[in-house]
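Hi,

Here is the structure I promised to send over. Have a look at it first, and then read on for what I found.

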Amino acid sequence: MSGRIDGITEQDIAEYLANNPAFFERHAELLGSVQLTSPYGQRTVSLQERQMEMLRDKIKGLEGKIIEMIRHGQENVAIADKLHRWTRTLMLTANAGDLPDVLVGELKHQFLIPQAGIRIWGAADAFAGLPFTREVSADIRSLAGSLTLPYCGVNSGFEAAQWLDDPATAMSLAMIPLRHGATIDAFGMLVLASPDPTRYTADMGTEFLQRIGELASACLSRLLPVR
């Protein structure tokens, strides 16, 4: 079909019917007499039945969206619970020198992170010699200071990967700078790693990792010299 009848297009007809709903009140018999092919097989159905099928499809679509919203809501609650437990554990850690190990260990446990590591530079003298104060290069300090957002992506031989127990298996990384308040300079960096190259990618959202960094920074500020 060309879609045109004696100068009248299907669009003209559709617009007329949309703008004149009383047409079907005046010609109610059409609702039962017009036969359409059902998308569910080759049988023919009335206009009313076809409309009901369309409504059922729409309802199914809405039900699917509601289920998805509920699932996302449940996932968000689960993440919030894990974050709460992680934060609570940090707050209950009395010995400041234990904080980096507790922070990393609980992150791995709560969020199923295969590997994680941390370094802090400029810590108070009381913590000298502890693993998290091991020397890092000027390059890694510069990198941490330049990050306004966590870095997520492929591990292309970053120095921070060497802080992990098994650097060779770290295919993707998230590197999170640690800052005291709103200062520009970073006083450390937290690195998360996975053997899955798609777990941390350049196009992923970093809002949650930013919150992790803010909480970690606030907690670990106890390790810095009193100003």
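Phenylalanine 208 comes out as partly exposed, because its relative accessibility is 32%. One thing to keep in mind throughout: this is a predicted model. The ring of phenylalanine 208 pairs with that of phenylalanine 111, with the centres 5.4 Å apart and the planes at 65°, so this is an edge-to-face pair. The two residues are 97 apart in the chain, with phenylalanine 111 sitting in helix α5 and phenylalanine 208 in helix α7. Phenylalanine 111 is the buried partner, at 13% relative accessible area.

There are three aromatic pairs in the count. Another one is phenylalanine 127 with phenylalanine 132: ring centres 6.5 Å apart and planes at 50°, so I'd call it tilted. Both of those rings belong to buried residues, with phenylalanine 127 at 12% and phenylalanine 132 at 4%.

Back to α7, which I spent some time on. Its 14 residues should span 20 Å at 1.5 Å a residue, and the end C-alpha atoms are indeed 20 Å apart. So which of its residues are buried? They are Leu209, Ile212, Gly213, Ala216, Ser217, Cys219 and Leu220. Looking down the helix axis, these fall within an arc of 160°, so they line one face of α7. That fits the usual pattern: residues three or four places apart point the same way, because an α-helix has 3.6 residues a turn. On the face turned away from the buried side you'll find Glu207 and Ala218, both exposed.

Leu220 is worth a click. Not counting neighbours within four places in sequence, leucine 220 touches Leu99, Pro100, Leu103, Ile118, Ile120, Leu178 and Phe187. Leu220 is also among the residues with the most contacts inside the largest nonpolar core, along with Trp86, Leu103, Leu107, Ile118, Leu190 and Leu192. That core has 32 residues, and α4 (47-91), α5 (99-111), β5 (115-120), β7 (172-179), β8 (186-194) and α7 (207-220) each put at least two residues into it. Apart from it there is another core of 17 residues, including Val136, Leu147, Ala160 and Leu173.

Now the strands. β8 pairs with β5 in the antiparallel sense over six bridges, and alanine 116 is the residue opposite leucine 192 of β8. β8 also runs antiparallel to β7, with eight bridges joining them; there, proline 177 faces methionine 189 of β8. β7 in turn is joined by four bridges to β6 (residues 151-154), again antiparallel, and tyrosine 151 sits opposite methionine 175 of β7.

How many residues of β8 are buried? Nine of nine, and for β7 the count is eight of eight. In a regular strand the side chains alternate between the two faces of the sheet. In β7 both faces are covered, with Ser172, Ala174, Ile176 and Leu178 buried on one side and Leu173, Met175, Pro177 and Arg179 buried on the other.

One last spot to check by eye is leucine 112, in the loop between α5 and β5. Its phi is near 55°, a positive value in a residue that isn't glycine. Most residues other than glycine have a negative phi. Leucine 112 also counts as exposed, because its relative accessibility is 63% and the cut-off for exposed is over 50%.

Shout if you'd like to go through any of this together.

Cheers

Definitions and conventions
Residues are numbered from 1 along each chain as its sequence is written. This is a predicted model: local features need pLDDT of at least 70, side-chain atom pairs count only at pLDDT 80 or more; totals for chains, interfaces and linings use all residues. Side-chain values use heavy atoms; hydrogens and water are left out. A nonpolar core is a set of buried Ala, Val, Leu, Ile, Met, Phe, Trp, Tyr and Cys residues joined through side-chain atoms within 4.5 Å. Buried means under 20% relative accessible area, exposed over 50%, partly exposed in between (1.4 Å probe, protein chains only). Contact means heavy atoms within 4.5 Å. The expected span of a helix is 1.5 Å times one less than its number of residues. The arc is that of the directions from the helix axis to the C-beta atoms. Two strands pair if DSSP finds at least two bridges between them. Rings of Phe, Tyr and Trp (its six-membered ring) pair if their centres lie within 6.5 Å; planes under 30 degrees apart count as stacked, over 60 as edge-to-face and the rest as tilted.
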